[in-house]
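Colleague: I am new to this structure and would like to understand how its descriptive terms are earned. Could we go through them one at a time?

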Amino acid sequence: RPWFVVDPPDGKVPPLTDEARKRQAELSASRATRGTADSYTDRSPGDRCIAWSIGAARILPTLYGNSVQIIQSKDYVAIRYEHVHEARMIPIEGRGMTRSHNNAGLRSYYGDAIAHWEGDALVVDTTNYNDKLPYRGSTPALHTIERFTKVAANKLNFSATFDDPHTWTRPWTSWS
């Protein structure tokens, strides 16, 4: 099914901050001085088979590859996405492999995720993204909260909250 912005109530991704608009303008200006593929750096991480999209965005419906498999062990949740052939291994708070988020100096394409349960909802809290895979122009300050709630045998409700004060004027939440 389609995804919707459910917060803010107007159903729209909040406006970009002045800082984000300036970053977009600088990026556009730098691209205007080069050809479309002068270097490997002109290709996205997805084109180069390095990384596709951050975890919270990978589950939002796309043109193909929308199957997600979630497997839980005693200490971890693994989330596997059909079209990227990889799995996120996420430690569950309060279990044997529990830990706090990594030091902010340790950043990765998919960030540092930690899961916990709130009733029937699996909540995945992710910080420490690097600057190589910005989602909709985000910065490494991006913080995402994903919620997975089982509603039937093979069906989940999913929501993701995106918070980056350097990119959007307020946090926003999508649901699918």
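## Terms and the values behind them

Modeller: Let us begin with Arg170, which has a relative accessible area of 33% and is described as partly exposed; please keep in mind throughout that this is a predicted model.

Colleague: Why is Arg170 called partly exposed?

Modeller: Buried requires under 20% and exposed requires over 50%, so Arg170, at 33%, falls in between and is partly exposed. Asp7, with a relative accessible area of 28%, is partly exposed by the same reasoning.

Colleague: What makes the contact between Arg170 and Asp7 a salt bridge?

Modeller: The cut-off is a side-chain nitrogen of Lys or Arg within 4 Å of a carboxyl oxygen of Asp or Glu, and the side chains of Arg170 and Asp7 meet at 2.9 Å, N to O, so the pair qualifies. This pair links distant parts of the chain, 163 residues apart, with Arg170 in the loop between β8 (155-163) and β9 (172-175) and Asp7 in strand β1 (residues 4-7).

Colleague: How do you know that Lys22 and Glu26 form a salt bridge as well?

Modeller: Their closest N and O atoms are 3.9 Å apart, which is within 4 Å, and therefore the term applies. Both residues lie in helix α1 (residues 18-32), four residues apart, about one turn of the helix.

Colleague: Which of the words buried, partly exposed and exposed belongs to Lys22, and which to Glu26?

Modeller: Lys22 has 55% relative accessibility, which is over 50%, so Lys22 counts as exposed. Glu26, at 46%, lies between the limits of 20% and 50% and therefore counts as partly exposed.

Colleague: What makes Asp131 and Lys132 a salt bridge?

Modeller: Here the closest N and O atoms are 3.6 Å apart, again within 4 Å, so the pair meets the cut-off. Asp131, at 53%, counts as exposed, whereas Lys132, at 47%, counts as partly exposed.

Colleague: How many salt bridges does a search of the whole structure find?

Modeller: The search finds eight, among them the pairs just discussed.

Colleague: Turning to the strands, how do you know that β2 and β3 are paired?

Modeller: Pairing needs at least two bridges, and five bridges join β2 to strand β3 (residues 76-81), so the two strands pair, running antiparallel. Gln72, for example, stands opposite Val77 in β3.

Colleague: What makes β2 and β4 edge strands in their sheet?

Modeller: Three strands form this open, antiparallel sheet in the order β2-β3-β4, and β2 (68-72) and β4 (86-91) each pair on one side only. Neighbouring strands of the sheet are turned by 20° against each other on average, direction ignored.

Methods:
Residues numbered from 1 in each chain as written. Predicted model: local features only at pLDDT ≥ 70, side-chain atom pairs only at ≥ 80, totals over all residues. Heavy atoms only, no water. Buried < 20%, exposed > 50% of the residue type's maximum accessible area, 1.4 Å probe, protein only. Axes fitted to C-alpha atoms, helices over the stretch in contact; angles between N-to-C directions.
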